[in-house]
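Biologist: Thanks for sitting down with me over this one. Could you show me the model, and then we can go through it together?

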Amino acid sequence: MEHLNEYTIPFKGLKEGIHNYPFEIKNEFFMDFKGSEVKEGKVKVNIQLDRKPGFLILTFDIEGTVSVMCDRCLEYFDQKIETNQQLIVKFTDEQCEKGDDIIFLPPTSYQINVAQYIYEYIILAIPMQRIHPTDENGESGCNPEMIHKLEQYLTEGDESEDSPWDKLKNLFDN
């Protein structure tokens, strides 16, 4: 977890205006997040910090690839991701409920660690359905052996006359 300290941005003493912070995300980054569905990736993150009186605007530009499991054949492949997100940081002593794109820090704060936000934005950039992309010939990148087995099991299920689902359909008739 000490590795995540490199994603700390000190803002105390910064002049008003725009400041850029580039980061390279590699495999070690994802290992620090327990239970992460992403274990490998290479992602470039550029954070543009716009210092204003009383608040900060952080703009995250994220682009790269992460290794995800295919929903169809269960093999890993590199999924391209690209996203732009914005986070507003306001300074206040009042207890405020943070939202999706706004957080509140005490006025005495002098730095912010953006590792958790980078991780969440990367995960949100991954499509819900994860399937190997097709190649230049229009062929699926999925493991052909696994696709053959799936097709085999799907057609076997159609041929059987006594399906367990038929018995469940009759459950409400009794």
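Modeller: Happy to, and one term will help us from the start: a salt bridge here is a side-chain nitrogen of Lys or Arg within 4 Å of a carboxyl oxygen of Asp or Glu. Please keep in mind that this is a predicted model.

Biologist: Good to know. By that rule, how many salt bridges does the count come to?

Modeller: R130 forms one with E37, their closest N and O atoms being 2.5 Å apart. The side chains of D50 and K52 meet in another, at 3.4 Å from N to O. By this rule, the count comes to two.

Biologist: How many residues apart in sequence are the parts that R130 and E37 tie together?

Modeller: Let's place each partner. R130 sits in the loop between α2 and α3 (144-159), while E37 belongs to the loop between α1 (27-31) and β3, so the parts that this pair ties together are separated in sequence by 93 residues.

Biologist: And is D50 buried or exposed?

Modeller: Buried means under 20% relative accessible area. Its partner K52, at 31%, counts as partly exposed. D50 has a relative accessible area of 16%, so D50 is buried.

Biologist: Let's turn to the sheet. Which strands stand at its edges?

Modeller: Five strands form an open sheet with mixed pairing, in the order β2-β3-β4-β5-β6. Two of them have a single partner strand each, so one side of each is left without a neighbour in the sheet. Those edge strands are β2 (17-25) and β6 (102-105).

Biologist: Which residue in β6 stands opposite I88?

Modeller: Strand β5 (residues 76-91) and β6 run parallel and are joined by four bridges. Opposite I88, in β6, stands I102.

Biologist: Which helix packs on the sheet?

Modeller: The helix in question touches β2, β3 (41-52), β4 (55-69), β5 and β6. Its direction makes about 135 degrees with that of β5. Residues 115-125 form this helix, α2.

Biologist: Now the interior. Which element gives the largest share of the largest nonpolar core?

Modeller: That core has 41 residues, and those with the most contacts inside it are F60 and I118. Elements giving two or more residues to it are β2, α1, β3, β4, β5, β6 and α2. The largest share, eight residues, comes from α2.

Biologist: Which residues does F60 touch, leaving out those up to four places away in sequence?

Modeller: Contact here means heavy atoms within 4.5 Å. On that basis, F60 touches V45, N46, I47, T83, N84, Q85, L87, V114, Y117, I118 and Y121.

Note on methods:
Residues numbered from 1 in each chain as written. Predicted model: local features only at pLDDT ≥ 70, side-chain atom pairs only at ≥ 80, totals over all residues. Heavy atoms only, no water. Pairing = 2+ DSSP bridges. Axes fitted to C-alpha atoms, helices over the stretch in contact; angles between N-to-C directions. Buried < 20%, exposed > 50% of the residue type's maximum accessible area, 1.4 Å probe, protein only. Core = buried A, V, L, I, M, F, W, Y, C linked by side-chain atoms within 4.5 Å.
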